[in-house]
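Biologist: I'd like to learn how to read a few features off a model. Could you walk me through them?

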Amino acid sequence: MKRVLFLYNPRSGRGRIERRKEAILAIFRAHGYDVEPRAIDFAHNPFAGDAPFDLAVVAGGDGSVNYLVNSLKRAGCDLPIGVIPAGTANDFAGALGMSKDPVEAARQIAEGTIERIDCGRANDLYFVNIFSFGLFTTTSQRTSDRRKHRYGKLAYFMEGVKELRRMHDIPLHITADGERIDLNSLITLIFNGETAGGFRLARRASITDGCFDCLLLEKRNLLFSCWTMLRYLLGGSPRAIRHLHARQIEIVSAVQEPTDVDGQQGARFPLSIRCLAGELRVQGPHR
C-alpha cells in the first residue's frame, strides 16, 4: 500500500480545508492509499530524517506549495507531489489544471498520472510559480490573511495601490542566456507559471518548456507607468515592458532590494536564477 503524507494549511482559504479534510482523506483511502495528515509547521521540515512516503500532497496556496518543494529539496527527496488548491489565488494549481474544489482535486491526484514539470531556483531558494522584485513585490507578503479571507483576490489589488506610494526604480545589470541588458526597472517578474494573483501576465509561459517568461517594466513617470500596466493587462504590448524568454538569468544591482518567491521572502542580490527543466514530479490530471 502506498503511503501519502497529506500536508494542509488550516489557515488557507478561510479554513475550508479543515472542513473538507475528512472527505479528502476518504478519497485517498478509497483508492488504496495509506494517508498521514499533518498540519503544516513552516518551521519544521517533514522530510528531515526518515521519510517513508510514496507521495506528498499539499493543501494550501502557492506559499504552501513553495514550502513543500523547498522542504523536499533540502532533504534530498524526489517524491512526486500533489497540489490541492486552498489559498486565495492558487496560481500554480491553476497551471496544473487542478479543480478548484478540494475534494475533486484530491480525486484528480488519486486517479492521476505523474508528469515532470519545471521549477525555478533563485540562489538557493526554489520556486514553482514566480520570482519577483520591485513594485508590488511585497504585496502578497503584506496582505493579511484576514483581508484575503474577506476580499479574496481583490485584497492583493487593494494592497498594491498602497505600493504605488513607494514606487522607485532599481538599476539592473542582467545577463539572460548570455545576452547583456542594462536598465532601470520598476517591476521585474520571472515566471515559471502563468499567472500572478490570478492575473494572466506571462502570455507565453509554460511549466514544461524549460524556460522562464520574464517581464520588466522600465522606469517612467507614475502616470505613464500606470497606463503601461493597464495597457498590458488589457492585452496590449507597450514598449516600456521588456520581455525575455530565458533559461538562465543573472542579475546584479547597486541596491539590495527585497525579493519574493511564490509570495514568500526571497533571495538576496546578486541573483543567479535557473529554470530546472523537469525537476519536479507532479501527480494529477493529464493536461
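Modeller: Sure, let's begin with how elements are named: helices (H or I, at least four residues) and strands (E, at least two) are DSSP runs, numbered from the N terminus. A205, for instance, lies in the loop between β11 (199-200) and β12 (212-218). Keep in mind that this is a predicted model, where local features need pLDDT of at least 70, side-chain atom pairs count only at pLDDT 80 or more, and totals for chains, interfaces and linings use all residues. Residues are numbered from 1 along each chain as its sequence is written, and side-chain values use heavy atoms, with hydrogens and water left out.

Biologist: Is A205 buried or exposed?

Modeller: Buried means under 20% relative accessible area, exposed means over 50%, and partly exposed is in between (1.4 Å probe, protein chains only). A205 has a relative accessible area of 11%, so A205 is buried. In space, A205 and A95 are 9.8 Å apart, C-alpha to C-alpha, with their positions 110 residues apart in sequence.

Biologist: How many salt bridges are there?

Modeller: The general idea is that side chains of opposite charge can pair when their charged atoms come close. The rule here asks for a side-chain nitrogen of Lys or Arg within 4 Å of a carboxyl oxygen of Asp or Glu. The count comes to 13 salt bridges. One of them joins R116 and D78, whose closest N and O atoms are 3.3 Å apart. That pair links distant parts of the chain, 38 residues apart: R116 sits in strand β5 (residues 113-122), and D78 is in the loop between α2 and β4 (81-85). R116 is partly exposed at 42% relative accessible area, and D78 is partly exposed at 36%.

Biologist: And what separates R107 and E104 in helix α4?

Modeller: About one helical turn, because R107 and E104 are 3 residues apart in helix α4 (residues 102-110). Their side chains meet in a salt bridge at 2.8 Å, N to O. R107, at 29% relative accessibility, counts as partly exposed, and E104 is partly exposed too, at 31%. Another pair is E194 with R200, at 3.1 Å, N to O; R200 counts as partly exposed at 48%. Salt bridges also link R3, D34, E36 and R38 in a network.

Biologist: Which residues line the largest cavity?

Modeller: Rolling a probe the size of a water molecule over the atoms shows where empty space is left. On a 1 Å grid over the protein atoms alone, a cavity is a set of points where a 1.4 Å probe fits but cannot get out, and lining residues have an atom within 4 Å of a point. Grid points are joined across faces, edges and corners, and the volume is the space filled by probe spheres set on the points. Searching the whole structure turns up 1 cavity of 30 Å³ or more, and the largest cavity has a volume of about 50 Å³. Its lining is made of L72, K73, C77, D78, L79, I81, E279, L280 and R281. Two or more lining residues come from each of α2 (62-74) and β17 (271-284), and β17 gives the largest share, 3 residues.

Biologist: What about the surface? Which residues form a nonpolar patch there?

Modeller: Patches are made of residues with over 30% relative accessible area and no salt bridge; nonpolar side chains (Val, Leu, Ile, Met, Phe, Trp, Tyr) are joined within 5 Å, like charges within 9 Å. Accessible areas come from the Shrake-Rupley method with a 1.4 Å probe, and for residues only the protein chains shown count as cover. W227, L230 and L234 form such a nonpolar patch, with about 350 Å² of accessible area together. L230 lies in helix α8 (residues 222-233) and is partly exposed at 40%.

Key:
On a 1 Å grid over the protein atoms alone, a cavity is a set of points where a 1.4 Å probe fits but cannot get out, and a pocket is an open set with protein on both sides within 12 Å along at least five of seven lines; lining residues have an atom within 4 Å of a point.
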